[in-house]
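I opened this model to go through a few local features one at a time. The entries below follow the order in which I looked them up.

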Amino acid sequence: MIPQPTAQQPLLDETFILQADATIGVDDPAAQPIAERFAARLRRSTGFALPMQDGAGTITLSTGGAESLGAEGYELRADTSGVTITAAGAEGLFRGVTTLRQLLPAKAEAGSAQDGPWEIAGTTITDTPRYGYRGVMLDVTRHFFTVDQVKKFIDLVSLYKINRLHLHLSDDQGWRIQVDSWPRLTEYGGSLQVGGGAGGSYTKEDYAELVRYAGERYITVVPEIDTPGHTNAALASYPELNKGDQAPELYTETEVGFSSLTIDKDVTYEFLDDVFREVAEQTPGDVLHLGGDEAHSTPHGEYLTFVSRATELVVKHGKRVMGWHEIADGELPAGTVVQYWGTEDPKAQGLAHKAVEQGATLVLSPANRAYLDMKYHEETPLGLQWAGLVSVEQSYSWNPATLIPNVPASAIDGVEAPLWTETLDDLDKVEFMTFPRLPGIAELGWSPESALDWTAYRDRLAEQGSRWEVLDVNFYRAPEIDWR
Ligand code: NGO
């Protein structure tokens, strides 16, 4: 199982076998949709009727217990008589059902009827996450991904108890979210992508659908509008955002660091005020990411001014600021989340310390460990390697608590695995870079420190391969894993 639960005990001599007459019981209307979706999946693969029932069933989801395990925690017991999952509320039940899916044979994930038996070795599990933020980022700017593609991605990451989806929605190569007050951002700024092909963007309805779909899987969307650099698509769409009112051409290559909003123009902040307002209005999560990375074309003094003014606008629209670690050189409002993407470099670590000294918290995305777009090895046909090669072992074998020396445990919100898409133009390629590394990052975010052990993890990871085959995931069959 991945992530490894906090505590698991076998129940010797007990085996649960799902039979044709099984029922699914729920005692809380809030958990009804969770049970329904679980039952629907199992009906397809088992061919059983699996009717829903109020209160206890063969498989029971029950709220109002296990309160000490927090909103995401749960208890699970599988024995000869049935399976019970107990949690404080619906979110914990959802995580527990995710575990139950992994306890069942891989063929339970199939879209058509399979032969049993449907057995689970007797067990009790008590589980609660180590960190509250366990994210994945998808860059939909360098290449655009449709709502349906992102939904499949959400489905796959939710199997590993990921609870944040960071969408990188604007960059030099494309603006991907509708903004009514600045319509050319998508109409023109979203029209292309890397390589020069047609891009795309999300309408408000599309974005709402992604937020809803992720929410159903207890994943909060964190939208990113990258500023003041990585803004060529916006600058190309509106001449007035540029120094000298001259719009650049659209850009479809992959250099970074050449674009900048104009820091000393009022229109820059009118623009951001509108964009942040419209994005914030559509985002139930409490965080809005304003980028802040690689502003190499913004003079440093101006960058610091920008951080103060732009963060103020995010706060004005009721959200906490999130930004890449460069923003920590500026003055940060209370509640800011700083995303560390450094390697072992002292300058980046210094900014992480600066963030913590200002009271900000950290989400860890060390590029040489957590970047899903780094090549696995020299011959990987996709991806980049500026942060080094990132094998499955390299991405798993680190400890969030000690990655940056002298950061108090209370300052770490969790981990996130970013997937940048300069070289990835379809979902198969996205899957290839994401699996098998993402489950390891998810485990670093969820499982207790004592459970983190590469040799044991390697064995557990090997078992996931059969699930990905059933789910039709194009994963990288890393040779260091004995895939079963
Ligand atoms: C950097 C850069 C991105 C690239 C990515 C590629 C950050 C935070 N900014 O990470 O624009 O796409 O590397 O790995």
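Entry 1, a helix residue. I looked up Asp266 in this predicted model and asked whether Asp266 is buried or exposed. The relative accessible area of Asp266 is 54%, and the cut-off for exposed is over 50%, so Asp266 counts as exposed. Asp266 belongs to helix H7, which covers residues 266–281. I also took the distance from Asp266 to Leu241, which is 25 residues away along the chain. Their C-alpha atoms are 9.4 Å apart.

Entry 2, the open sheet. I traced the strand order and got E1-E7-E5-E6-E4-E2-E3, an open sheet of 7 strands with mixed pairing. Why do strands E1 and E3 each have one side without a neighbour in the sheet? E1 (7–17) and E3 (52–54) are at the edges and have a single partner strand each, so one side of each is left free of a neighbour in the sheet. From one strand to the next, the twist averages 20 degrees.

I then checked one end of this sheet. Strand E2, residues 24–26, runs parallel to E3, and 3 bridges join the two. Within this pairing, Ile24 has Met52 of E3 as its bridge partner.

Entry 3, the loop before E3. Leu50 sits in the loop between helix H1 (32–46) and E3. I noted Leu50 for its positive phi of about 45 degrees, given that Leu50 is not a glycine. For comparison, most residues other than glycine have a negative phi. Leu50 has a relative accessibility of 0% and therefore counts as buried.

Entry 4, strand E13. I asked how many of the residues of E13 (287–291) are buried. The count is 5 of 5, so the strand is mostly covered. Val287, His289 and Gly291 point to one side of E13, while Leu288 and Leu290 point the other way.

Next I listed the partners of E13. Strand E12 (residues 220–227) runs parallel to E13 and is joined to it by 2 bridges; here Thr227 is opposite Gly291. Strand E14 (residues 320–324) also pairs with E13 in the parallel sense, over 3 bridges, with Leu288 opposite Val321. Between E13 and E14 the chain passes through helix H8 (residues 300–316), giving a right-handed β-α-β crossover.

Entry 5, cis peptide bonds. Thr227 came up again here, since the peptide bond from Thr227 to Pro228 is cis, with omega near -15 degrees. Pro228 is in the loop between E12 and helix H6 (232–237). I noted another cis bond between Ile2 and Pro3, where omega is about -10 degrees. Pro3 is in the segment before E1.

Entry 6, a helix pair. I looked at how helix H3 (residues 147–158) packs on helix H12 (residues 427–434). The angle is about 20 degrees and the axes are 11 Å apart. Angles under 35 degrees count as roughly parallel, so H3 and H12 are roughly parallel to each other. Their crossing is right-handed. On the H3 side, the contact involves Gln149, Lys152, Phe153 and Leu156. H12 contributes Leu427, Val430, Glu431 and Thr434.

Entry 7, the segment after H14. Asp472 lies after helix H14 (454–470). Asp472 has a positive phi, near 60 degrees, and is a residue other than glycine. With a relative accessibility of 59%, Asp472 counts as exposed, whereas Leu50 counts as buried.

Technical notes:
Residues numbered from 1 in each chain as written. Predicted model: local features only at pLDDT ≥ 70, side-chain atom pairs only at ≥ 80, totals over all residues. Heavy atoms only, no water. Pairing = 2+ DSSP bridges. Axes fitted to C-alpha atoms, helices over the stretch in contact; angles between N-to-C directions. Buried < 20%, exposed > 50% of the residue type's maximum accessible area, 1.4 Å probe, protein only. Right-handed = clockwise from strand over helix to strand, strands pointing away. Parallel < 35°, antiparallel > 145°, perpendicular 65-115°, else oblique. Left-handed = near helix turned anticlockwise from the far one by under 90°. Contact = heavy atoms within 4.5 Å.
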